[in-house]
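Biologist: Please take a close look at one helix and the aromatic side chains around it. I would like one connected account.

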Amino acid sequence: MNTKLPDNSQFNKDYAKHCKHLKLAGYQPKTIEAYARGIRRIGNYFDCRLDNLSRDQLLDYFHDLLESHSWNTVKLDLYGLQFFYTHVLQKTWEHIPLIKKPKAKRIPDILSVDQVNQLLAATRVIDYRVFYFTAYSMGLRLGETIRLTVNDIDADNMRCHIRNAKGNKDRLVPLPKETLQILRRFWQTRRHPLFIFPNRKRGVNNAHLVDKPLERGGIQVAMKKVVSRLWPNKQISCHSLRHSYATHLLNAGVDLIELQGILGHVSLLTTARYTHLTSVNHEDACKKINTIIDSVTFPWGGEK
């Protein structure tokens, strides 16, 4: 479905107001873009007439959307439309029980330490290679790594200040010595006064002049290309580096509550999901299971 801004003056005014309200509501940039993209898509689908959409019209829209997009996109478009109705059109939003994502629990693909090394070695562009290493070595989300600034690095206390993270919360994470050295060496080649990962659009020599950090799309596309060459059957993304980091830390014996703080999880249950991926827990469970089962005698005698 088309996500370009429709050519309609009234819709464009409402769309601009929508974006302003989203920003003033304190949403993260990623959420603002998702809700805004949803309104552009819905505007194109309904020829910019969004003020009196019926249940049947919405049923058609979300049904068609699901044919080409994920459940997550359907959910975000619904939330974006609800926000648009409430804040731009100033109409009461009536709950529409159209969307119910099927419950499914997936075990994410993770990388071993050796595979992380392979990923880094296969990433040709140094900006992305340093980016992936940084994200993995501190367990950061994609957006958190993009937004890193020079002032976030606390070399005296060997920690990194993660600002305005998910849930509009800050946190401090351990800064490994190797990460500090790599970031210092990388900064010497870019020398941007603010961004650790400045945009690549003006080249290396003029990287210090850009006004934006690396683009999310470029980072993701580069990752996808590397993964397709190395592990075509694995579902690996930038977020997989965070999953891998958490799993490796648990394998190394890092306390679950300590890991919760590092990752910035509100609930310990979210962090506890990684215990299913650790080889230490798996091996320990297998050992105990075998001890119990070995104590049971299976009689082979009797009928043949």
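Modeller: What follows deals with one helix, its aromatic contacts and its charged residues. This is a predicted model, in which local features need pLDDT of at least 70, side-chain atom pairs count only at pLDDT 80 or more, and totals for chains, interfaces and linings use all residues. Residues are numbered from 1 along each chain as its sequence is written, and side-chain values use heavy atoms, with hydrogens and water left out.

Helix α3 covers residues 55-68 and includes D60; helices here are DSSP runs of H or I with at least four residues, numbered from the N terminus. Y61 also lies in helix α3, while Y45 belongs to helix α2 (residues 29-45), so their ring pair ties together parts that are 16 residues apart in sequence. Rings of Phe, Tyr and Trp (its six-membered ring) pair if their centres lie within 6.5 Å; planes under 30 degrees apart count as stacked, over 60 as edge-to-face and the rest as tilted. Y45 and Y61 are edge-to-face because their centres are 5.0 Å apart and their planes stand at 80°. Y61 is buried, at 0% relative accessible area, whereas Y45 is partly exposed at 31%. Buried means under 20% relative accessible area, exposed over 50%, and partly exposed in between (1.4 Å probe, protein chains only).

Y61 forms another edge-to-face pair with F62, at 5.0 Å centre to centre and 75° between the planes. F62 is buried, as is Y61. Ring pairs join Y45, F46, Y61 and F62 into a cluster. The whole structure has 11 aromatic pairs.

D60 is partly exposed, with a relative accessible area of 45%.

Note on methods: Helix = DSSP H or I, 4+ residues; strand = E, 2+ residues; numbered from the N terminus.
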